[in-house]
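Colleague: Please take a close look at the active site, then work outwards from it through the rest of the chain.

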Amino acid sequence: MPRLPLLLLLLLWGMGSHSFPAATSETQEQDVETVQKYLENYYNLKSDAKQVERQRNSDPVVEKLKQMQKFFGLKVTGKPDAETLNVMKQPRCGVPDMAQFVLTQGNPQWEDTHLSYRIENYTPDLSRAAVDHAIEKAFQLWSSISPLTFTKVSEGQADIMISFVRGDHHDNSPFDGPGGNLAHAFQPGPHIGGDVHFDEDERWTNNFRDYNLYRVAAHELGHSLGLAHSTDIGALMYPNYIFSGDVQLSQDDISGIQAIYGPSQNPTQPTGPQTPQVCDSKLTFDAITTIRGEVMFFKDRFYMRTNPFYPEAELNFISVFWPHLPNGLQAAYEVADRDEVRFFKGNKYWAVKGQDVLYGYPKYIYRSFGFPRTVKNIDAAVSDEDTGKTYFFVANKCWRYDEYKQSMDAGYPKMIAEDFPGIGNKVDAVFQKDGFFYFFRGTRQYKFDTKTKRILTLQKANSWFNCRKN
């Protein structure tokens, strides 16, 4: 396929973000090739030998870059900046985001809700039983929230044919070797419609390593049933590969499949988790902590933080930073002089340094901190850098722990209202910044002066984010 002139693409590259580190000309050419191929494969960039207009704002590459940046919630610049390149280099589904990857006009769907599938061949990376189990679970995920049912057949033509192939496998969508394009599927229709192809050049697993077959299969089957990609990062149908340890359908996925095939036949309609919206005025947090000068907010499976590359706050899975941490963290605090962050869930806690969970964790809060067995979980925690005292909030009480002596201070627990008047009788999250404590309760945030024991300001919980309306 003819490509846009390399000189033109290098010129566009030169207009990119000043924050991108200096690169060699070889690296620059590789990244130009990445941009070119990515936009052709996933955003329907038509490459031909025509002279491209000089006006950069009307250039097709710029417009396609803007489409891609908008889809992923990046800052829309039309320039191949560092964050855009980072997203482009992530492994993902081979189905385009903007071009229609369909065999029939309109929005194809299966007329029959009782469908058959066949696994044509098996990857040597896993046992046949493990492949069968992963594929069966992926189908069950979709049948559990819709009227669809699936039957495995061992021979002949099935509605959905599943195979492991590599390179050019004669469907006009060749694979690209390890990484990049992991798999693709065709929307409902005759012949190749509904079929799923996995790239055999990948290493398929049933755990965190490389690419989890169950996770990828569940996504691809969404396409086989008629769903396109979602811009919701919490949705299974989000195009990039993210494995957070569990595979589940979000409310976005459930709403999508039920819009095509109707509600589930279960007496109680299933629901899925909703992805937090950082500018939702009703947003609350599970935990908040500082990490090397940054403030990170935690909610369900996600973290949020301000980032210059994003128009709003950056939102991503906790597992992107810490794949071995659980979801639904309940408290967190930083011990700055040890470059250590501690995360709490239930009666256990994890200590991390950078992106590494330290050896020997999780540990129980009882032996480490001296909590009585009546304490089942920590609601919030914060460490005062000036005094080395860490405050733990449990229901309507607070405990104070001395990081230097590694023991609880005498006279605790106390009522929260005694040490922090005006905050109320429960704390959802708290962190320290610039000498002040910031308490979060529901949708409210209290800036608290620990020296005068006074509340200085009262704001919305999500006021740290770049929201125009709160």
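Modeller: A residue is called buried at under 20% relative accessible area, exposed at over 50% and partly exposed in between, with a 1.4 Å probe and protein chains only. The model is predicted, so local features need pLDDT of at least 70 and side-chain atom pairs pLDDT 80 or more, while totals for chains, interfaces and linings use all residues. Residues are numbered from 1 along each chain as its sequence is written, and side-chain values use heavy atoms, without hydrogens or water.

The "active site" annotation comes from an unreviewed UniProt entry and covers Glu 220; such annotations may be inferred rather than shown by experiment, and their positions follow the numbering used here. Glu 220 belongs to helix 6, residues 213-224. Helices (H or I, at least four residues) and strands (E, at least two) are DSSP runs numbered from the N terminus. With a relative accessible area of 1%, Glu 220 is buried. Beyond residues up to four places away in sequence, Glu 220 touches Cys 93, Val 95, Ala 183, His 184, Ala 185 and Val 196, a contact being heavy atoms within 4.5 Å. Of these partners, Cys 93 is itself buried, at 4% relative accessible area.

Helix 6 also holds Ser 224, which is buried at 0% relative accessibility. Outside four places in sequence, Ser 224 touches Trp 110, Ile 160, Ala 185, Phe 186, Gln 187, Pro 188, Gly 194, Asp 195 and Val 196. Ala 185 and Val 196 therefore appear in the contact lists of both Glu 220 and Ser 224.

The next step outwards is the nonpolar packing. A nonpolar core is a set of buried Ala, Val, Leu, Ile, Met, Phe, Trp, Tyr and Cys residues joined through side-chain atoms within 4.5 Å. The largest such core has 44 residues, and Ile 135, Trp 142, Ile 162, Phe 198, Trp 204 and Leu 225 touch the most other members. At least two residues of this core come from each of strand 1 (114-119), helix 5 (128-143), strand 3 (160-165), strand 4 (183-185), strand 5 (196-199), helix 6 and helix 7. Helix 5 gives the most, with 8 residues. Ile 162 is in contact with Tyr 117, Arg 118, Ile 119, Glu 120, Asn 121, Ile 135, Phe 139, Val 196 and Phe 198, leaving aside neighbours within four places in sequence. A second, separate core has 36 residues, among them Leu 45, Met 88, Ala 313 and Phe 440. In soluble globular proteins, nonpolar side chains tend to be buried together.

A polar residue elsewhere in the chain, Gln 69, lies in helix 3, residues 60-71. Gln 69 is buried, at 0% relative accessibility. Apart from neighbours within four places in sequence, Gln 69 is in contact with Leu 74, Lys 75, Val 76, Thr 77, Gly 78, Lys 79, Asp 81 and Thr 84. The C-alpha atoms of Gln 69 and Pro 80, 11 residues apart along the chain, are separated by 9.5 Å.

The structure holds 1 disulfide, taken as a pair of cysteine sulfur atoms within 2.5 Å. The pair is Cys 279 and Cys 467, with the sulfur atoms 2.0 Å apart. The disulfide is left-handed, because the torsion about its S-S bond is about -90°. It links distant parts of the chain, 188 residues apart: Cys 279 sits in the loop between helix 7 (251-261) and strand 8 (287-291), and Cys 467 in the segment after strand 25 (454-460). Cys 279 is partly exposed at 25% relative accessibility, whereas Cys 467 is buried at 15%.

Last comes strand 18, residues 389-394, where 6 of the 6 residues are buried, so the strand is largely enclosed by the rest of the structure. Lys 389, Tyr 391 and Phe 393 point one way from strand 18, while Thr 390, Phe 392 and Val 394 point the other way. Strands count as paired if DSSP finds at least two bridges between them. Strand 17 (residues 380-384) runs antiparallel to strand 18, with 5 bridges, and Ala 380 has Phe 393 as its bridge partner. The hairpin of these two strands has 4 residues between them, and there Gly 388 takes a positive phi near 75°. Strand 19 (residues 397-402) is also antiparallel to strand 18, joined by 6 bridges, with Asp 402 opposite Lys 389. That hairpin has 2 residues between the strands, and Ala 395 takes a positive phi near 55°. Cys 398 is buried, at 0% relative accessibility.
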